[in-house]
Amino acid sequence: MSFEQIRTEDKQRALGELREVKELFASRGWFPGTSGNLSVRVGDYSPQQFQFAITASGKDKTVHTPEDYLFVDQSGKACEATSLKPSAETLIHCEIYRLTGAGAIFHIHSVFNNVISEYFWDRKSVPVDGVELIKGFNLWEEEKHIDIPIVSNFAHIPSIVPEITERIVHEIPGILLRKHGIYAWGANAFEAKRHLEAFEFIFEYVYRLELLKRGV
């Protein structure tokens, strides 16, 4: 399906979902500076061809403007004539969509996800045991253990992509970039939001538990 064949109302729905999520996450302080990026896929999907709406680069996410989003294809190239530039990390979204077929991907920066990614960097994953919010990933096993993968963070974004390709875990709908932030995805915007919120709860839980273990 070409971009022109995607229904106008589907494009508008994606933009509306991005606006709502952006406003909510901004109210939680999850976009310090102009950091973070959000995307929602539109139209039909195959790993070789898809399109999605994504936040534009360098925009203040605490306000709404006509220049907040643009549509790009599976290579991260704009689908329409525009002066806007997609997020610098668009290639990461492209790879996650290609690998997972997700409907939405949300990326935010928080103190907890940054600290935890560095604290567990040597083991390249965050170990989590039996936390209730694991069920937010639709994992219902009693006292379930999960390992949330952590990958390197490079200024050169294409250098990050191969590690994401290698480290994505099917049952874990997210991946941490070291000292950077969490990427969470889902079948749609609601599910991606639920997953991201579960990750953030888990990161804070793990951080505070480690403090208690050390008597801090």
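This report describes the sheet, the annotated positions, the aromatic contacts and the cysteines of a predicted model.

## Annotated domain

The UniProt record, an unreviewed entry, assigns the annotation "domain: Class II aldolase/adducin N-terminal" to residues 16-207. Within this span, 30% of the structure is helix and 26% is strand. The C-alpha atoms at the two ends of the span are 34 Å apart.

## The sheet

An open sheet is built from 8 strands, and its pairing is mixed. Read across the sheet, the strands follow the order 3-2-1-4-8-7-6-5. Strand 3 (69-73) and strand 5 stand at the edges; each has a single partner strand, so one side of each has no neighbour in the sheet. From one strand to the next, the twist averages 20°. As a general point, strands of a sheet pair through backbone hydrogen bonds, and they do so in either a parallel or an antiparallel sense.

Strand 1 (residues 37-46) illustrates how two neighbours are held. On one side, strand 1 is joined by 5 bridges to strand 2 (residues 49-55), and the two run antiparallel. These two strands form a hairpin, with 2 residues between them. One of the pairings places S39 with I54, its bridge partner in strand 2.

Strand 1 also pairs with strand 4 (residues 104-108), again in the antiparallel sense, over 4 bridges. In this pairing, N37 stands opposite H107, while L38 has F106 as its bridge partner in strand 4.

## Strand 4 and the listed binding site

Which residues does the UniProt record list under "binding site"? The unreviewed entry names H107 and H109. H107 is part of strand 4, where N37 stands opposite it. H107 is buried, because its relative accessible area is 0%, under the 20% limit for a buried residue.

I105 is likewise placed in strand 4. I105 is buried, with a relative accessible area of 0%. Although I105 and E191 are 86 residues apart along the chain, their C-alpha atoms are separated by 9.6 Å.

## Aromatic contacts

A pair of aromatic rings is described by two quantities, the distance of the centres and the angle of the planes. The structure holds 12 aromatic pairs. In one of them, the ring centres of Y119 and F120 lie 4.9 Å apart and the planes meet at 85°, so the pair is edge-to-face. The two residues can also be described by their exposure: Y119 is partly exposed, with a relative accessible area of 40%, whereas F120 counts as buried at 10%.

Another pair, formed by F137 and F199, is tilted, with 4.4 Å from centre to centre and 35° between the planes. This pair links distant parts of the chain, its members being 62 residues apart. F137 belongs to the loop between strand 5 (125-129) and strand 6 (145-151), and F199 belongs to helix 5 (residues 189-213). Both F137 and F199 are buried.

One aromatic cluster is made up of F25, W30, F31 and F106. Of these residues, F106 has already appeared as the strand 4 bridge partner of L38; F106 therefore takes part in a strand pairing and in an aromatic cluster.

## Charges over rings

Two lysines are placed over aromatic rings. K11 lies over the face of F3, at 3.8 Å from the ring centre. The charged end of K124 sits over the ring of W121, and the distance to the centre of that ring is 4.3 Å.

## Cysteines

Why does the model hold 0 disulfides? A disulfide is a covalent bond between the sulfur atoms of two cysteines. For such a bond to be counted, the two sulfur atoms must lie within 2.5 Å. The cysteine sulfur closest to that of C79 belongs to C94 and is 10.0 Å away, which is too far for a bond. Viewed from C94, the closest cysteine sulfur is that of C79, at 10.0 Å and again too far. The count of disulfides is therefore 0. C94 is also buried, with a relative accessible area of 5%.

Key
Residues are numbered from 1 along each chain as its sequence is written. This is a predicted model: local features need pLDDT of at least 70, side-chain atom pairs count only at pLDDT 80 or more; totals for chains, interfaces and linings use all residues. Side-chain values use heavy atoms; hydrogens and water are left out. Buried means under 20% relative accessible area, exposed over 50%, partly exposed in between (1.4 Å probe, protein chains only). Rings of Phe, Tyr and Trp (its six-membered ring) pair if their centres lie within 6.5 Å; planes under 30 degrees apart count as stacked, over 60 as edge-to-face and the rest as tilted. A charge sits over a ring if NZ of Lys or CZ of Arg is within 6 Å of the ring centre and within 35 degrees of the ring normal. UniProt positions are given in the numbering used here, feature names are shortened, and annotations may be inferred rather than shown by experiment. Two strands pair if DSSP finds at least two bridges between them. Axes are lines fitted to C-alpha atoms, for helices over the stretch in contact, and angles run from 0 to 180 degrees between N-to-C directions.
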